[in-house]
Amino acid sequence: MSAAPSLRELQHQLEGLFSLGGAADCEARLKDAESSLPVGGDGRLSPAQRIGIYTDMIFARIRDAIAEDFSATVTALGDDAWESLIARYVEAHPTDHPDLRLAGRHLPAYLRATETPQIADLASFEWALIDSFTAADAPLLSGDTLRALAPEAWPALELRSVPSLRLLCATSPIDQTRRKLLDGEPTDLETVGPFTLRVWRRELRVFHKRVPPFEHEALQHIARGTTFADLCEWIAEGDTGEDASEVAVRLLQGWLADELLMAAP
Amino acid sequence: MEAIPKLGIGIGLRTTHFSELLERSAQVDWFEAVSENFMMDGGRPLHVLDHVRRDAPVVLHGVSLSIGTTDPLDETYLTRLATLARRFEPEWISDHLCWTGAKHHNLHDLLPLPWTEEVLTHVAERVARVQDVLGRRLVLENVSSYFTFSHSTMSEAEFLSALVERADCDILLDVNNVYVSAFNHGFDARAYIDTMPRDRVVQLHLAGHSDMGTHLLDTHDAPVCPEVWDLYRYTIRRLGRVPTLIEWDGNVPPLATLEDEVSRARLICDEVDAETRTKNGGARVGRTFAA
């Protein structure tokens, strides 16, 4: 009888078998491997069947956890296509994080390379909603703070977005599409964009809103961190035909009302 | 080391009940929060945990420490766990006696270990490191399993008992897992309970499972079955009124259903207490007459 494998050898071999959940030849590969492992079987279940219990559970758990976060994407693809997609995705991106919630974090980028832009956009939107839900809390910039600001201090005023802000640019109306898919209404994923959206959290609730491309771009500046003077300069470059500071103040009022701006540290 | 508090009967903190828990107090003694579900930077889950923590004790229960893997300990994970513990001051921190992945992949399952001296040394060393980081004893839970290793040199119960002595850690005894594994591997569940060192078992778990015909699956998606309630009663008789938690993770029912399960566990504890008082009273009467 050969010596028992070390714990490391054993775990490396089993890890490979436990990761076979989505593979078409999973059962045959488990059967091939069973004689090389010190795993017991009995009249009820062979060693391969016992290992297979884990293999099946692991795949199902990861698949279902990801599906929970991408409900509309699952509906758009259909169950069979989703099952096959997740098998390929998990093979390309084995779960490497202790938090199962993050198992789907690479899916939007994976879909960008493998599916239509519309499906990738829909998945990006769904992930933005999830990501925003658990983003860091932050103290908000208040209207009182701005009202108390001396006129000479305005140019250097630092503008930063709350950590939960996510900005999206999509080729189709993903907000409508998602709603229809979740409500079971017919929808198509035709390209009619671009659509620009923001996703953010106010207190504990996540919101999303379509915004004009101009505001979308302004928010990109805010997300990177800018000053009021730099924001005005960027607006002026756009030649809106209005006074840049008036446009900036109007944007700020909307963002303050929606709790999009963070207080200075 | 301070004595472990006697918490009573608690339930797992699950998203399904978040809204209800913000509106009313549950009729339970404490909550167990899955550590990884709260390792985030902000948002509703942390708000809810803050809320329940104001009125009830909380325990952190992890699923991804992977104490038995041969990969290096995930120091980032440990740091996040320690940060979470500083914020919520749990009564204790638990995880599972298992491995959850290898080659830096996390399989998100509680995988069985061989019960050998090599593994005992390996796990004890890692427990020591975790306890250093956390500054407290780690509590480890027995998992349900679907196969065993033919080169094991001791039983799971013997391994767990040896580990807690060697690593100076504590035990979360999952009564349902004992029942499930006993069925799957054909050992005596009560003998397993008998092997547990009484002073090391700080918590019990109860949960439902599924009968797959050839084996039992630890699904946490059903009420505790009568056989597991019986084994719980046996465990309380052997180990005393150990803090107990009702786990329910799949098809999570309304909070009221979990409160019913909590009441049932309390009733069993009360009945065992009454038996003990009767027995002790009888013994005292006997001694008086003998004197």
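Tutor: A helix here is a DSSP run of H or I with at least four residues, numbered from the N terminus. Keep that in mind. The model is predicted. A:D69 lies in helix α3 of chain A.

Student: What makes A:D69 a residue with no salt bridge?

Tutor: A salt bridge needs a side-chain nitrogen of Lys or Arg within 4 Å of a carboxyl oxygen of Asp or Glu. The nearest side chain of opposite charge is A:R101, 7.5 Å away. That value fails the cut-off, so no salt bridge is counted. A:D69 is buried all the same.

Student: Which residues is A:D69 in contact with, leaving aside its neighbours within four places in sequence?

Tutor: They are A:R101, A:E126, A:W127 and A:I130. Contact asks for heavy atoms within 4.5 Å.

Student: How do you know that A:E215 and A:R198 meet in a salt bridge?

Tutor: Their N to O distance is 3.2 Å. The limit is 4 Å, so the pair qualifies. A:E215 sits in helix α10 and A:R198 in strand β3, both of chain A, 17 residues apart. Both residues are buried.

Student: What is A:R198 linked with in a network of salt bridges?

Tutor: The network also holds A:R202, A:K209, A:E215, A:D258 and A:E259. Over all chains, the search finds 41 salt bridges.

Student: What makes B:E75 and B:R129 a salt bridge?

Tutor: Their side chains meet at 2.8 Å, N to O. The cut-off is 4 Å, so the pair counts. B:E75 lies in helix α3 of chain B and B:R129 in helix α4 of chain B, so the pair ties together parts that are 54 residues apart in sequence.

Student: Why is B:E75 called partly exposed?

Tutor: Its relative accessibility is 35%. Buried means under 20% and exposed over 50%, so a value in between is partly exposed. B:R129 also stands at 35% and counts as partly exposed.

Student: How do you know that B:D270 and B:R241 meet in a salt bridge?

Tutor: Their N to O distance is 2.8 Å. Set against 4 Å, that passes. B:D270 is in helix α9 of chain B, and B:R241 is in the loop between α8 and β12 of chain B, so the pair ties together parts 29 residues apart in sequence. B:D270 is partly exposed at 37%, and B:R241 is partly exposed at 36%.

Student: Why is A:E203 called exposed?

Tutor: A:E203 has 67% relative accessibility. Exposed means over 50%, so the word fits. A:E203 is found in the loop between β3 and β4 of chain A.

Student: What is the phi of A:E203?

Tutor: Phi is near 50 degrees, a positive value in a residue other than glycine. Most residues other than glycine have a negative phi. B:H104 has a positive phi too, near 65 degrees. B:H104 is in the loop between β5 and β6 of chain B. At 56%, B:H104 is exposed.

Student: How many residues line the second largest pocket?

Tutor: The lining has 20 residues. A lining residue must have an atom within 4 Å of a pocket point. A:S19, A:L20, A:G21, A:V90 and A:E91 lie nearest the centre. The lining divides into 10 nonpolar, seven polar and three charged residues. The space is about 390 Å³.

Student: Which elements each supply at least two residues of that lining?

Tutor: They are α1, α3 and α5 of chain A, together with β6 of chain B.

Conventions:
Residues are numbered from 1 along each chain as its sequence is written. Chains are lettered from A and ligands numbered from 1 in the order in which they are written. This is a predicted model: local features need pLDDT of at least 70, side-chain atom pairs count only at pLDDT 80 or more; totals for chains, interfaces and linings use all residues. Side-chain values use heavy atoms; hydrogens and water are left out. On a 1 Å grid over the protein atoms alone, a cavity is a set of points where a 1.4 Å probe fits but cannot get out, and a pocket is an open set with protein on both sides within 12 Å along at least five of seven lines; lining residues have an atom within 4 Å of a point. Grid points are joined across faces, edges and corners, and a volume is the space filled by probe spheres set on the points. Ala, Val, Leu, Ile, Met, Phe, Trp, Tyr, Cys and Pro count as nonpolar, Asp, Glu, Lys and Arg as charged, and the others, Gly among them, as polar. Buried means under 20% relative accessible area, exposed over 50%, partly exposed in between (1.4 Å probe, protein chains only). Lys and Arg count as positive and Asp and Glu as negative; His and the chain ends are not counted.
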